[in-house]
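Take a look at the sequence and the 3D structure below. The report that follows goes through them topic by topic.

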Amino acid sequence: MRFPVLCGLAAHILCVSAGTILWDGRFNDLTSSTDLDNWSWSNEVGPYQYYIHGPSAVTAYVNLSPDYKNPADAGSKQGAKITLDSTSYWNGQTMRRTELIPQTSAAINQGKVYYHFSLMHTDVNPPATTREHQIAFFESHFTEMKAGWLSGAAGVSDPALRWCIGGQSQWSTNWTAGVWHNVAYEIDFSAGTVGFWHSTGGDPLVQTVAPVAASTSSNGADWHVGVLELPRDGYPDSTEDLYWSGVYIESGSLTTSVAGPGSSSGGGSSSSSSTSSTPVSSSETTLSTSTIKAQSTTTTASSAPASTTSTGSCTAARYAQCGGNGFTGCTTCASPYTCKYSNDYYSQCL
Ligand SMILES: *[C@@H]1O[C@H](CO)[C@@H](O)[C@H](O)[C@H]1NC(C)=O
Ligand SMILES: *[C@@H]1O[C@H](CO)[C@@H](O)[C@H](O)[C@H]1NC(C)=O
């Protein structure tokens with residue numbers, strides 16, 4: 001459903017229009033991951049709740065850098081490296097976990113909304129293929145990504161990255177190192193369906209799986225941006241790093257460009273990468289993954305609405321790419337930002 005934009009400038013914060021960012025988790029507001037420490041149950045500030053992690057300093061589990069983002073994600077100035085190490089046990093549980101939760105009172109759990117994120121691992125500290133990883137999941141697991149061997153499955157290892165509904169795989173790919181997987185969950189909380197949008201690298205998102213029925217439910221504070229790894233006897237912990245980029249939730253119409261809202265660079269040509277659908281029925285070990293509480297009376301850290309409408313004039317928005325070898329987009333930055341050289345392949349409006 002599309003809503004015409006009927007809002008005056010002064011009222012724009014109150015308006016719901018196509019492609020409105022409901023919550024922005026793109027790490028643009030954080031100087032470093034230590035800013036996450038500002039958050040507590042009694043001081044709910046910043047874009048994320050930070051409490052599901054091991055006992056070491058935040059930099060053991062979360063780090064931010066421009067090097068950690070999808071280079072095609074011009075809307076993010078940096079990405080996050082989320083780490084599981086030998087200390088990543090939270091709250092006496094047997095699962096290793098490092099997870100961030102949106103800190104917002106926006107209606108991210110109502111109507112039709114799109115949950116965006118991009119994921120990558122490298123050859124260094126890749127997630128084990130021998131253990132089940134639950135990624136970008138909701139408390140009830142009505143939808144999530146999974147990686148590695150699924151608990152209860154035959155065999156010892158599985159290189160797949162999967163998209164699941166109610167724990168059942170709906171789509172999978174061989175999760176090779178160095179490839180960014182861009183995802184949007186198309187969640188219709190009213191209709192009780194979830195669709196899956198996906199692309200790799202800088203390609204625009206395509207609807208890879210049409211909406212399927214799901215027990216959609218969320219209290220608006222139970223989307224886990226991070227990873228939970230199930231234990232498995234005989235498979236010791238190794239350090240694992242997952243890279244995240246372009247995390248945000250929008251309503252209205254879907255932004256398919258990996259560059260994201262608030263950026264004017266295009267998404268390149270559409271490619272329908274082959275997507276094998278590999279349904280897997282696994283008799284899963286059901287482990288409780290409950291978090292302590294997610295109830296909060298909150299002052300919203302309101303994220304500025306970003307327009308996805310490209311105007312006729314060619315001006316790159318803050319954080320957008322504005323230069324680099326092979327770049328064909330706008331090279332003039334919106335005032336007051338200027339185009340800053342980062343490397344031969346990338347300059348950004350800052
Ligand atoms: C976190 O707190 C520090 C120290 O008070 C402050 O400089 C920083 O801006 C805060 N970060 C955020 C995102 O509010
Ligand atoms: C997955 O990709 C890796 C790297 O290209 C390859 O070695 C491996 O055989 C592939 N596995 C499957 C199951 O396709």
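Contact here means that heavy atoms lie within 4.5 Å. Keep that cut-off in mind for the sections on Val212 and Tyr68. The model is predicted.

## The chain as a whole

The protein chain has 18 strands and 0 helices. It holds 350 residues, and buried residues make up 52% of them. The exposed surface of the chain comes to about 14700 Å². Carbon and sulfur atoms supply 52% of that area.

How much of the contact count comes from residues 24 or more positions apart? Take the contacts in the chain with a separation of 6 or more: such pairs account for 67% of them.

## Val212 and its neighbours

Val212 sits in strand β13, which covers residues 206-213. Is Val212 buried, partly exposed or exposed? Its relative accessible area is 23%, so Val212 is partly exposed. Buried would need a value under 20%.

Leave aside residues up to four places away in sequence. Val212 then touches Trp163, Ile165, Gly192, Thr193 and Val194. Asp188 is 24 residues from Val212 in sequence. In space, their C-alpha atoms are 10.0 Å apart.

## Tyr68 and its neighbours

Tyr68 is in the loop between β3 (62-65) and β4 (79-84). Its relative accessible area is 18%, so Tyr68 counts as buried.

Which residues does Tyr68 touch, not counting residues up to four places away in sequence? They are Asn63, Gly79, Ala80, Lys81, Trp180, Tyr243 and Trp244. Leu242 is 174 residues from Tyr68 along the chain. The C-alpha atoms of Tyr68 and Leu242 are separated by 9.3 Å.

## The disulfide

A disulfide is a covalent bond between the sulfur atoms of two cysteines. The count for this model is 1 disulfide. It joins Cys333 to Cys349, with 2.0 Å from S to S. What does this bond tie together? Cys333 lies in the loop between β16 (321-323) and β17 (339-343). Cys349 lies in strand β18, residues 346-349. The pair therefore ties together parts that are 16 residues apart in sequence.

The torsion about the S-S bond of Cys333 and Cys349 is about -85 degrees, so the disulfide is left-handed. Cys333 is buried, at 13% relative accessible area. Cys349 is buried too, at 0%. Another cysteine, Cys164, has a relative accessibility of 1% and also counts as buried.

## Unusual backbone angles

Most residues other than glycine have a negative phi, and most peptide bonds are trans. Some places in this chain go the other way. Asn125 is not a glycine, yet its phi is positive, about 50 degrees. Asn125 is in the loop between β6 (112-120) and β7 (133-138). With a relative accessibility of 27%, Asn125 is partly exposed.

Ala136 also has a positive phi of about 50 degrees, and it is not a glycine either. Where is Ala136? Its place is in strand β7. Ala136 is buried, and its relative accessible area is 0%. A cis peptide bond joins Ser335 and Pro336, with omega at about 10 degrees. Pro336 is in the loop between β16 and β17, and Cys333 of the disulfide lies in the loop between β16 and β17 as well.

## Ligand 1

Which residues surround ligand 1? They are Asp29, Leu30, Asp35 and Asn38. By class, this shell has 2 charged residues, 1 polar and 1 nonpolar. On its own, ligand 1 has 360 Å² of accessible area, and the protein covers 38% of it.

Two side chains offer polar atoms to ligand 1. A polar side-chain atom of Asn38 lies 2.3 Å from an oxygen atom of the ligand. For Asp35, a polar side-chain atom lies 3.3 Å from a nitrogen atom of the ligand.

## Ligand 2

Around ligand 2 are Pro159, Asn174 and Thr176. Taken alone, ligand 2 exposes 360 Å², and the protein buries 25% of that. Asn174 also has a listed atom pair with ligand 2: an N or O atom in its side chain is 2.3 Å from an oxygen atom of the ligand.

Definitions and conventions
Residues are numbered from 1 along each chain as its sequence is written. Chains are lettered from A and ligands numbered from 1 in the order in which they are written. This is a predicted model: local features need pLDDT of at least 70, side-chain atom pairs count only at pLDDT 80 or more; totals for chains, interfaces and linings use all residues. Side-chain values use heavy atoms; hydrogens and water are left out. A residue is near a molecule or strand if one of its heavy atoms lies within 4 Å of it. A polar contact is a pair of N or O atoms within 3.5 Å; within protein, one must be able to donate a hydrogen and the other to accept it, and residues adjacent in sequence count only if both atoms are side-chain atoms. Accessible areas come from the Shrake-Rupley method with a 1.4 Å probe; for residues, only the protein chains shown count as cover. A disulfide is a pair of cysteine sulfur atoms within 2.5 Å. Helices (H or I, at least four residues) and strands (E, at least two) are DSSP runs, numbered from the N terminus. Buried means under 20% relative accessible area, exposed over 50%, partly exposed in between (1.4 Å probe, protein chains only). Ala, Val, Leu, Ile, Met, Phe, Trp, Tyr, Cys and Pro count as nonpolar, Asp, Glu, Lys and Arg as charged, and the others, Gly among them, as polar.
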